[in-house]
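Student: Could you take me through one part of this model up close? Pick a single element and stay with it for a while before moving on.

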Amino acid sequence: MADLSSNFIGIKSPNPFWLASAPPTDKKYNVERAFEAGWGGVVWKTLGAEGPPIVNVNGPRYGAIWGADRRLLGLNNIELITDRPLEVNLREIKEVKRKWKDRALVISLMVPCEEDHWKAILKQIEDTEADGVELNFGCPHGMAERGMGSAVGQVPEYIEMVTRWVKQYSRMPCIVKLTPNVTSILPPAMAANRGGADAVSLINTIKSITNVDLDHFSPFPMIDGKGSHGGYCGPAVKPIALNMVAEIARHEETRGLPISGIGGVTTWRDAAEFMALGAGNVQVCTAAMTYGFKIVQEMISGLSQYLDEKQMSLNDLIGRAVPNFVEWQHLNLNYVTKAQIDQDLCINCGRCYAACEDTSHQAIAMSPDRVFTVKDEECVACNLCIDVCPVDNCITMRELPKGSVDPRTGKVVGDYANWTTHPNNPMAQAAE
Amino acid sequence: MSNSPLTPGIVAGRLPAEAYVHNFGDHEPPLDRHEARVAADRCYFCHDAPCITACPTSIDIPLFIRQIATGTPEAAATTIWSQNILGGICARVCPTETLCEEACVREAAEGKPVEIGRLQRYATDVAMAKGMHPFSRDASTGKRVAVVGAGPAGLACAHRLAMHGHDVVIFERRAKAGGLNEYGIASYKATGGFAQKEVDWLLQIGGIEIRTGVELGRDISLDQLQADYDAVFLGIGLAGVNALRAVGEDLAGVRDAVDFIAELRQTEDLSRLPVGRDVVVIGGGMTAVDAAVQSKLLGAENVTIVYRRGQEKMSASGYEQDHAAQAGVRIIHNAAPVRVLGNGSAEAVEFAYTLEGPNGLVLSEETFTLKADQVFKAIGQTLKGAPEGLPVTGGKIAGPSGKVWVGGDCAAGGEDLTVTAVAEGRDAAEAIHAALAGQ
């Protein structure tokens, strides 16, 4: 079994799987169940400033989208930060940390953008012996309207300012949680970096309406005939999160800034992908909310097996795919592939044909007895047939060897060449 | 109640009263809303889907399943009925395992097809329960069409003609409409009087009159119909049955399976329907299976189907054969009856094993005898009562000719299935409509 023990900005945990700040980490009872199930760490659900507790709606808090068989693909929520008294949370955090010393316990914080507020809350949490803090600059609903959460995360200057306060008034490791509700994730990440953050975590949820109640004409979740936007998460947001993580991981100014990867992590494979694109660990929420805490066991066994098979350590995996995340202009235009259909695996559904014939390049032939074959002279290798095929590995891409002729273009497959030197590019540099 | 499965002879009430309710309940219970959604999610929405090709009525199956999956079973029912107005009964009786579900790509992929038949039943049940009949009549054409036979072919033909604005009179020799749906299929496939409910539902289109107890050749003649109507459709089925041509066939206790099934279907209280202790069914088709299984369900101790050829030649599907085996019916292959033994009434049947030779099937020297106080003949139906002068090929009417169209089991071409009859009736209606429009 590969060693999965993790050291993320000095915070140690037996594995890199943490529960994200969210309903599953709102109280001792849940967190202890998570630790019993094997989670490496938790980020305790966001604490607010001292005073009257937050109130939540008393109707539905979640909306969802589903795939076939009602598999939950995306979840949104309009729940606010913890609605329990601060002292109760602090007492429970202390109790849990004392009992589970080997697990990571980070406290998520969200207080108004005033120095005194941050100073006060940091002083209060220091006594809990928690391992670090995560600044919630991400929640896009409810708290943002009050000038917190994503309202801070959308203004790099605020991120930098608050991060500085936190580093000034606390010795705890500080993770800045970023909102994806921005045009580019880089300025917020750079601001956190400048402010002295030990790490960033991303993504927080995406502003969303999951569906509309077509009887009451209200967005869902519907509260008394009205709906508000929520924060979207779950498997559906993973591609967005992966890209943002990778952008931070490769940018020269933020390269090396530790990243806690969040966004639709559901299986060990998702976790490994986040880590390959630069995340030092991952945080999970929706998968646990969908299936319960036991899923971490599959994540642990799966990641261990993968690392063993690849003969890699956990650290070898982190960032391994980052150098291969390049801009489009650097992709090899002389890499030519053609789809090929394995007739033994093909179940003759014809979805590849419909997709290609109706919406793409008319590169799949259908015989009267329903045999589907690729027309190399038409195939642009777009991959759509593979994406719509219900059978894994039935359609694959075959690379044309260098020197062979692409029947579509009639051109010989040549050496690496990209757009920067392409003759059609008016900005092309002359090839050396 | 003193009788039991062990009581000798052909007697009623072999089982406790509640057993009949259980035994003749819904053979394959309907899907509920959740089950239907789960089943519908498995459909891949294939291009030019093989299931459509395999359906004799060419129902757009991927479309109706998608309509179920998106919460509109009513729209799904409309899709089904547009092609097959008897989609409700077909969902129950179609041998889907040899039609749409055999062609389903998930049968190829996993050996588990999408449950098309059950989904079709779900959609049509939901829509019928809502009282939906999503068709209306065109303006009256003033044309009148006679339909002979109120079975699946005749009903499908009549409905389509009525939609096109023609006035239809259906002549039916039996007391009720429905044909084999009402008289010829196993009771547990169409529970709750479904066949009659579907006929009533179909007639909502209007413009169709059914005259029962009227038999072609006895009460009416084809010549007269041709004189009185603008067109005639014959869907008279196969009213004759093949004879065993074995000694002892006339002994008491020897009976046509179709008569037994019809009587069973018309019996309100099945505890009053007599059945033998040792039942032998001769044949290899659906009728044989339906007679055998229902004999068992009525409480017969031993029920054996004997078929003269090998298992692979049986026209009952593998699914039906399994169903019979599960019900406790024994199936013997490659044996043909030599004589029915008995004194006044049947006591046993002597069989000879058969051999497949260059000149066809021959009886071997080796014989065996099965106890049998009841013997059902299920060795095929034949055309009977067809009007003189119509072209006949392969024992079936070849049509159309002149003003006469033909469809269903009595017509040449196509398998003898409810769904095929519906397709032929529908298509004949379209042909009649085209012909009448051209006049």
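Tutor: Let's take strand β13 of chain B, residues 374-378, in this predicted model. Of its 5 residues, 5 are buried, so the strand is largely enclosed by the rest of the structure. That holds for both faces: B:Gln374, B:Phe376 and B:Ala378 point one way, B:Val375 and B:Lys377 point the other way, and all are buried. So what does β13(B) pair with? One partner is strand β6 of chain B, residues 254-256, which runs parallel to β13(B) and is joined to it by 3 bridges. Within that pairing, B:Arg255 has B:Phe376 as its bridge partner. Strand β7 of chain B, residues 278-283, also runs parallel to β13(B), and here 5 bridges do the joining. There, B:Ile282 is matched with B:Lys377. Put the pieces together and B:Phe376 is a buried residue bridged to B:Arg255, while B:Lys377 is buried too, pointing the other way, and is bridged to B:Ile282.

If you want something to set beside the strand, swing over to chain A. Helix α1 (residues 28-37) and helix α2 (residues 86-99) of that chain pack at an angle of about 20 degrees, with their axes 10 Å apart. The two are therefore roughly parallel to each other, and their crossing is right-handed. On the α1(A) side you'll find A:Lys28, A:Val31 and A:Glu32, which meet A:Glu92, A:Glu95 and A:Val96 in α2(A). By class, that contact has 4 charged and 2 nonpolar residues, with no polar ones.

Notes:
Residues numbered from 1 in each chain as written. Chains lettered and ligands numbered in written order. Predicted model: local features only at pLDDT ≥ 70, side-chain atom pairs only at ≥ 80, totals over all residues. Axes fitted to C-alpha atoms, helices over the stretch in contact; angles between N-to-C directions. Helix = DSSP H or I, 4+ residues; strand = E, 2+ residues; numbered from the N terminus. Parallel < 35°, antiparallel > 145°, perpendicular 65-115°, else oblique. Left-handed = near helix turned anticlockwise from the far one by under 90°. Contact = placed C-beta atoms within 7 Å. Nonpolar A, V, L, I, M, F, W, Y, C, P; charged D, E, K, R; others polar. Buried ≥ 20, exposed ≤ 12 C-beta atoms within 10 Å, placed from the backbone. Pairing = 2+ DSSP bridges.
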